[in-house]
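Colleague: I'm new to this one. Can you put it up and walk me through it?

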There are 2 protein chains.
Amino acid sequence: MSDAPFRTLAVAGLGLIGGSIALAVRERWPSMRVTGVDTPAVLAHVRGNGALDRAVTSMADVGDVDLLVLAAPVHENEALLASLPTPGPALVTDVGGTKRSIVDAAAGLGLASRFVGGHPLGGGERGGFAFARPDLFEGRAWILTPSGTLPASHEALIRFVAGFGARPVTMAPDAHDRLMGYVSHLPQLTASVLMDVVGSRVEADDLRLAGRGLVDTTRLASSPVNIWRDICDTNADAIGAALDDLIARLQALRADLRGAEVERLFGEAARARAELMRGRE
Amino acid sequence: MSDAPFRTLAVAGLGLIGGSIALAVRERWPSMRVTGVDTPAVLAHVRGNGALDRAVTSMADVGDVDLLVLAAPVHENEALLASLPTPGPALVTDVGGTKRSIVDAAAGLGLASRFVGGHPLGGGERGGFAFARPDLFEGRAWILTPSGTLPASHEALIRFVAGFGARPVTMAPDAHDRLMGYVSHLPQLTASVLMDVVGSRVEADDLRLAGRGLVDTTRLASSPVNIWRDICDTNADAIGAALDDLIARLQALRADLRGAEVERLFGEAARARAELMRGRE
């Protein structure tokens, strides 16, 4: 199609998000030439799916594509940034769950004018190309954190993201990290800790007696640690503050299980839940 | 049908659970005569649905039915027990989320030989007869906590429960309350506290940027407080112990967000989650 925002694209890391980007590009702009960067095993799987024009195992072979998408865990994206070839990609973005760390890394490497941080929301608890889908981003927000970038390439990136049916949202890196600390990182860690506690206190046979409440509340507990290790490391201050809030309210409830706190809690939680669900159901 | 375990049934409280029992009885054993006990407004709604043969607003008018099911919040069930007519129902059961309190109340009233505690698992976050369905109990566990009850009536109650497609499970009241503290009450309170924290720290507009993770993790946050007030009150010791466990692990994580605790947590949580989901998917 003539409206393709880029002629050539490279995706480094073909897991759930990177793989879904490659598949979505094939559907939306079949003329765009897509290079995949990953291990030989992953590349063989993705090539079999017809989602790549070219497969390379090293950043040195990426060449001067119009756009490079870094889709590995945060610290690995930072390492990939540091190993970019020269002249290399005209524009670079990433899809990591935190933004301050990678934006700072890009600036430190003198890449500020070529880098726009990105974060497509709502990946899913099951990682890997096996779960990638071209419609993964349909109707979801895709946060962009532009800094010193040229307006023209930012515009192209917005068209790229919108082409997948995502809703582009612009935000500063620190606002992104603080917000995600509450709406993404805190729910993930809460689900993991809840599942860990229940699993350590309840026999496997008795888990059969758990209802849908526990099942839904702990869906995130199978999320891949390689992604979350880096998110916790690069957003520890914001996550720490969110955990402090959670712990304080759990302690208040624990101290007043037979008192007015239960009433207050359910009232506020139901109000916030209704707000969260507005426009979703 | 000739295999009906009881000829006459009364259900006190026609919300999600009590209403679903009435609807399920109509489907399974149309010959069973069903009396409903609730406020005039609720009764009018349920009668319009054809689920009752008789509607009364007072326990005094229930008469000597074969089985009475108490399906109000726990403390209300205890009050209903205390107001039973004489001679009254041959057998009484309840569907409350805690069992020690109501079983003790029955014993205190000299009703031990006529009372069997019950708890059908997995109600749902939306209460009221509007959400009642005859297949609500299909494939779910229904815990029974018999004490001094005559074996014959216990057998009939097991057939009653199994007739709805539920799986009867026998357990002691204190084992029930301790187990539910972890697999039901802790997930509910965790979801409520998480939603309360996020709602108080994130602007309504920014809640639009939350993904499916927060949505699933907080589904329970709209649960009705009238049921949960009594559950917290009558299981405060077990819930307190479960909350202590959760708080301790959250604190351990908070102190080591950049360390090995993240790795341990995700490993254990994923293992427990796989165990929870075994046989469900």
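Modeller: Sure. Bear in mind that this is a predicted model. Start with the contact between the chains: chain A puts in 74 residues, and chain B puts in 74 residues.

Colleague: Which helices of chain A each supply at least two residues of that side?

Modeller: α6 (173-201), α7 (204-207), α8 (212-217), α9 (225-234), α10 (236-254) and α11 (260-277) of chain A.

Colleague: And which gives the most?

Modeller: α6(A), with 19 residues on the side of chain A that touches chain B.

Colleague: How do the residues of that side divide by class?

Modeller: There are 42 nonpolar, 14 polar and 18 charged residues on the side of chain A that touches chain B.

Colleague: What turn lays chain A on chain B?

Modeller: A turn of 180°, with a shift of 0.0 Å along the axis. The RMSD is 0.0 Å. That is how a two-fold axis relates two copies.

Colleague: Which C-alpha of chain A is nearest the axis?

Modeller: That of T217(A), 2.0 Å from the axis. Both copies use the same surface, too: 100% of chain A's contact residues recur in chain B.

Colleague: New topic. How is chain A divided?

Modeller: Into domain 1 (8-171) and domain 2 (176-277). Their centres, taken over C-alpha atoms, are separated by 30 Å in chain A.

Colleague: How many residues does the contact take from each domain?

Modeller: 14 from domain 1 of chain A and 15 from domain 2 of chain A. On the domain 1 side, α3 (74-82), α4 (100-108) and β7 (141-145) of chain A each supply at least two residues. That side of domain 1 of chain A has 4 nonpolar, 7 polar and 3 charged residues.

Colleague: Now the sheet. What's the strand order in chain A?

Modeller: β3-β2-β1-β4-β5-β6-β7-β8 in chain A. These 8 strands form an open sheet with mixed pairing. From one strand to the next, the twist averages 25°.

Colleague: Which strands stand at the edges?

Modeller: β3 (54-56) and β8 (167-170) of chain A. Each has a single partner strand, so one side of each has no neighbour in the sheet.

Colleague: In what sense do β1 and β2 of chain A pair?

Modeller: Parallel, over 5 bridges. Strand β1 covers residues 8-12 of chain A, and strand β2 covers residues 33-37 of chain A. V37(A) in β2(A) is the bridge partner of A12(A).

Colleague: And what does helix α1 of chain A touch?

Modeller: Helix α1 (residues 16-28) of chain A packs on the sheet, touching β1, β2, β4 (67-70) and β6 (115-120) of chain A. The direction of this helix makes about 160° with that of β1(A).

Key
Residues numbered from 1 in each chain as written. Chains lettered and ligands numbered in written order. Predicted model: local features only at pLDDT ≥ 70, side-chain atom pairs only at ≥ 80, totals over all residues. Domains from an automatic or database assignment. Contact = placed C-beta atoms within 7 Å. Helix = DSSP H or I, 4+ residues; strand = E, 2+ residues; numbered from the N terminus. Nonpolar A, V, L, I, M, F, W, Y, C, P; charged D, E, K, R; others polar. Least-squares fit on C-alpha atoms with pLDDT ≥ 70 in both. Pairing = 2+ DSSP bridges. Axes fitted to C-alpha atoms, helices over the stretch in contact; angles between N-to-C directions.
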